[in-house]
Amino acid sequence: QLLDTVLLRTDIPELELYASGKVRDVYRVDNEHLLFVATDRISAFDYVLATGIPNKGKVLTQLSLFWFDLLRDIVPNHLVTADVKQYPAVLRPYEEQLRGRSMLVVRADMVAIECVVRGYISGSAWKEYKRTSSVCGISLPPGLRESDQLPEPIFTPATKALSGHDENISFERMAQQAGPALSRELRDLSMRIYQTAADYARQRGIIIADTKFEFGRTAGGLVLADEVLTPDSSRFW
């Protein structure tokens, strides 16, 4: 009976499936809007597992909605509404499936860089540090242990991989790919968002060790998009 509450895939035949990721299904609503649906799929090391976690997609969505709201004075985001009652009429038959786990968003031209900020050394950064004493071209103090707090947070961008792991790159390479001005803006925004969120979480007994942000451009300018500060995009300790 528990498995009956797990949503592993969505089916909205009236809409074009715009993209399907490890966890999210994205539908084109019209030329300006997309529908993001967070399923209950689990991925580990880039593999989608056969079983899901009941209501995982709802938790991810509600966390993103919380942070979008908290951070809106720092950076605008792509959210239009998460209230299914305000969705286009074509989605009415699917309200039960979509409630709590979906967002109607403005379609953005996404920047093809993962904006990663690390306050602690773990994961791929730890592997790179052990090999080179640096991460993404940033020299770090000797003698750090795995999961140590860094002297200050660092910005470690990565290229988006359609399959397999994303690749950590230097800021200089990001600037070559995305342009120097945009790269500086994204770095500064990412650092500010991370610091605000990390301070908020720390007061509640939670460490945000690292996280990744995704940004896109709309007619209104640069926006924070996709998910934000969830356990799928961050290390929470």
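Helices (H or I, at least four residues) and strands (E, at least two) are DSSP runs, numbered from the N terminus. Keep those labels at hand for the tour.

This is a predicted model: local features need pLDDT of at least 70, side-chain atom pairs count only at pLDDT 80 or more, and totals for chains, interfaces and linings use all residues. Residues are numbered from 1 along each chain as its sequence is written, and side-chain values use heavy atoms, with hydrogens and water left out.

**Stop 1: the largest pocket**

Rolling a probe the size of a water molecule over the atoms shows where empty space is left. The search uses a 1 Å grid over the protein atoms alone. A pocket is an open set of points with protein on both sides within 12 Å along at least five of seven lines. A cavity is a set of points where a 1.4 Å probe fits but cannot get out. Lining residues have an atom within 4 Å of a point. Grid points are joined across faces, edges and corners, and a volume is the space filled by probe spheres set on the points.

Select K22, D46, E114, D166 and K212. The largest pocket has a volume of about 2,000 Å³. Of the 50 residues that line the largest pocket, those five are the closest to its centre. Now colour strand β15, residues 208–218. β15 gives the largest share of this lining, four residues.

What classes of residue make up the lining of the largest pocket? There are 18 nonpolar, 13 polar and 19 charged residues. Here Ala, Val, Leu, Ile, Met, Phe, Trp, Tyr, Cys and Pro count as nonpolar, Asp, Glu, Lys and Arg as charged, and the others, Gly among them, as polar.

**Stop 2: from β15 into β16**

Stay on β15 and follow the chain. A hairpin leads from β15 to β16 through two residues. The two strands run antiparallel, joined by five bridges. Two strands pair if DSSP finds at least two bridges between them. Show E214 and look across to β16: A225 stands opposite.

Is β16 mostly covered or mostly open? Strand β16 (residues 221–225) is mostly covered, with four of its five residues buried. Buried means under 20% relative accessible area, exposed over 50%, and partly exposed in between (1.4 Å probe, protein chains only).

**Stop 3: two unusual backbone angles**

Most residues other than glycine have a negative phi. Select D226, in the loop between β16 and β17 (234–236). D226 is not a glycine, yet its phi is positive, about 65 degrees. D226 counts as buried because its relative accessibility is 16%.

Then jump to N55, in the loop between β5 (47–52) and α1. N55 is not a glycine either, and it has a positive phi of about 70 degrees. N55 counts as partly exposed because its relative accessibility is 33%.

**Stop 4: the cavity**

Select R24, F36, A38, T61, S64, R101 and M103. These residues line the largest cavity. The structure holds one cavity of 30 Å³ or more, and the volume of the largest is about 30 Å³. β3 (33–38) and α1 (56–70) each supply at least two residues of the lining. The lining has three nonpolar, two polar and two charged residues.

**Stop 5: S102**

Move to S102, in strand β7 (residues 102–106). S102 is buried because its relative accessible area is 1%. Which residues does S102 contact, beyond neighbours within four places in sequence? They are L35, F36, V37, T61, A82, V84 and Y87. Contact means heavy atoms within 4.5 Å.

Draw two distances from the side chain of S102. One is a polar contact of 2.9 Å to the side chain of Y87. The other reaches the backbone oxygen of L98 at 2.8 Å. A polar contact is a pair of N or O atoms within 3.5 Å; within protein, one must be able to donate a hydrogen and the other to accept it, and residues adjacent in sequence count only if both atoms are side-chain atoms.

**Stop 6: S134**

Select S134, in strand β10 (residues 134–135). S134 counts as buried because its relative accessibility is 13%. The side chains of S134 and T132 share a polar contact of 3.0 Å. Leaving out residues up to four places away in sequence, S134 touches E128, Y129, S139 and L140.
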